[in-house]
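Open the structure in your viewer and keep the sequence beside it. This tour tells you what to select at each stop and what you will find there.

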Amino acid sequence: MYYRKAIVAIADGLGDRPHPLLNGLTPLQKAHTPNLDRVASQGICGMMDLIAPGIPVGTDMGHLVLFGGRPDDYPGRGPIEAYGIEMDTRPGDVIFRCNLATVDEYGIVIDRRAGRINQNTVELVAAVNGMVLSDKVTAYMQAATEHRAVLVFRGANLSENITDSDPKAPHDGKPYVVPQASDNSEKSLQMADLMQLFLNKSHAILDAHPINTERKRHGLLPANFILTRGPGRCQPLASVPQKYGFNGCCIAGETTVLGVAKLLGYSTHSHPLFTANISSNFQLKAERALLALDNNDLVFVHFKATDLAGHDNLPFEKITAIEHFDRMVGLILDNLPEYTYLALAADHSTPCEVKEHTGEPVPVALCGNGIRQDNVVQFDEYACAKGGLNRLSGTDFIHTVIDYMGYSQKQGS
Ligand SMILES: [Zn+2]
């Protein structure tokens, strides 16, 4: 048996729908993508449902599947974020993923991301870190990418069964959700009360914080509230690279993606210039992906800006993001070592008009030695539907890549 290497380039939230501002084309159809089209025309294409048709997934679940994990192993968003930022956690902690947000004096969420705040978040979060909520429970908090943060409740009698306080997109303009127990246990009822206490105390501290006073003076939204979601407890998962016997690496700027990769046993590589938005240095990312092949067999390289433009309904910005992704893929393709596969994938669709993830399939392509090339010459949601990979699940897709690499496990004898 021979072994080969592969790079999988993932454009977050790539899939879209026909957009009226683009004459009924999708951003991917409209964008100039000579390199993505090169991969499609040299390889085999298809449409991928991460789990199943019509089932939308989050970035965390989408990557868990792409990295070869089982959807049933999903531990909750909070623990994944904590892994991503390497936050100190302990067994028994209940961990939440959070947004720094803006609320008015009535608790109405003006902006779920506090104007996509990306400065001074470390100082703001430090102001509520270590908050004592009872004689048994203390809250710890650490900033993540941009408006994101991780909250840990540590102590006795905790429960992860409480509702999210985040009203979630597209519900700016609605009040935050008062946390409630999602089962009838005493622990969960107490946990909901503790969360309400945390929300009230942190709001009072943040609203009066000098950084927010300064933001208001400059006409910026204050980051004066913490929206919580995705509670869960840390649980170690089986390493995917170990299961197959290869070395795997993930290159990304987004902590969620890095967290999922770490959780599944991949090594990770990030850089301050991987900003997880349109300013991300895609040239450096391509360089690092190629370099990672020295010590790894399977390298994932993640690109985030496509998803952000979808969430903000900015089809032209999504086109620009796709063209950056295209150039990153071009740099990889031009320098790809012999006998190395290159795959294109996405973790879900984020149609601009919906501003949220949907369950439509995403285009995928795979090129390299010995591939059964199909007739598809463009990489988009329509052309790839006619490809040789047909319609497959995320698990099928990664199994296919691993099989071409020579690491799949034969069934039977
Ligand atoms: Zn995503």
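The stops below cover strands, salt bridges, two loop residues and a pocket. The model is predicted.

**Stop 1: strand E11**

Select residues 298–303, which form strand E11. Is this strand mostly covered or mostly open? It is mostly covered, with six of its six residues buried. Now show the side chains. In a regular strand the side chains alternate between the two faces of the sheet. Here Leu 298, Phe 300 and His 302 point one way. Val 299, Val 301 and Phe 303 point the other way.

Next, bring in the partners of E11. Add residues 5–11, strand E1, which runs parallel to E11 and is joined to it by six bridges. To see one place where they meet, pick Ala 9, which stands opposite Val 301. Then add residues 248–251, strand E9. E9 and E11 also pair in the parallel sense, over four bridges. Pick Gly 248 here; its bridge partner in E11 is Leu 298.

**Stop 2: strand E12**

Keep E1 on screen and select residues 340–345, strand E12. Six of the six residues of E12 are buried, so this strand is largely enclosed by the rest of the structure. Thr 340, Leu 342 and Leu 344 point one way from E12. Tyr 341, Ala 343 and Ala 345 point the other way.

E1 and E12 run parallel, joined by six bridges. Find Ile 10, which stands opposite Ala 345. Now add residues 362–367, strand E13. Which way does E13 run against E12, parallel or antiparallel? The two strands are antiparallel, with three bridges between them. Leu 342 has Cys 367 as its bridge partner in E13.

**Stop 3: a buried salt bridge**

Side chains of opposite charge can pair when their charged atoms come close. The structure holds 19 salt bridges. Start with Asp 12 and Lys 304, whose side chains meet at 3.5 Å, N to O. Asp 12 lies in the loop between E1 and helix H1 (27–30), and Lys 304 in the loop between E11 and H11, so the pair ties together parts that are 292 residues apart in sequence. Both Asp 12 and Lys 304 are buried.

**Stop 4: Lys 262 and Glu 86**

Move to Lys 262 and Glu 86, another salt bridge, at 2.9 Å, N to O. Lys 262 sits in helix H9 (residues 255–263) and Glu 86 in the loop between helix H4 (77–84) and E3, so this pair ties together parts that are 176 residues apart in sequence. How does each residue count for exposure? Lys 262 counts as partly exposed, at 21% relative accessibility. Glu 86 counts as exposed, at 61%.

**Stop 5: Asp 312 and Arg 116**

Select Asp 312 and Arg 116. They form a salt bridge, and their closest N and O atoms are 3.5 Å apart. Asp 312 is in the loop between H11 and H12, and Arg 116 is in the loop between E4 and H5, so the pair ties together parts that are 196 residues apart in sequence. Asp 312 is partly exposed, at 31% relative accessibility. Arg 116 is partly exposed as well, with a relative accessible area of 22%.

Now return to Asp 12 and Lys 304, and add Glu 254 and Asp 307. Salt bridges that share partners join these four, Asp 12, Glu 254, Lys 304 and Asp 307, into one network.

**Stop 6: two backbone angles**

Go back to Arg 116 and check its backbone. Its phi is near 45°, a positive value in a residue other than glycine. Then pick Asn 313, in the loop between H11 and helix H12 (315–334). Asn 313 is not a glycine either, yet its phi is positive, about 50°. Asn 313 counts as partly exposed, at 29% relative accessibility.

**Stop 7: the largest pocket**

Finish with the largest pocket, which holds about 580 Å³ of space. Which of its 27 lining residues are the closest to the centre? Select Gly 58, Arg 77, Arg 229, Glu 356 and His 357. The elements that give two or more residues to the lining are helix H3 (59–66), strand E3 (94–103), strand E8 (225–232) and helix H11 (305–311).

Colour the lining by residue type: six are nonpolar, seven polar and 14 charged. Then colour by domain. Domain 1 (5–74 + 237–405) and domain 2 (81–232) each give at least three residues to this lining.

Definitions and conventions. Residues numbered from 1 in each chain as written. Predicted model: local features only at pLDDT ≥ 70, side-chain atom pairs only at ≥ 80, totals over all residues. Heavy atoms only, no water. 1 Å grid on protein atoms, 1.4 Å probe; cavity = no way out; pocket = protein on both sides within 12 Å on 5 of 7 lines; lining within 4 Å. Points joined across faces, edges and corners; volume = space filled by probe spheres on them. Nonpolar A, V, L, I, M, F, W, Y, C, P; charged D, E, K, R; others polar. Domains from an automatic or database assignment. Buried < 20%, exposed > 50% of the residue type's maximum accessible area, 1.4 Å probe, protein only. Pairing = 2+ DSSP bridges.
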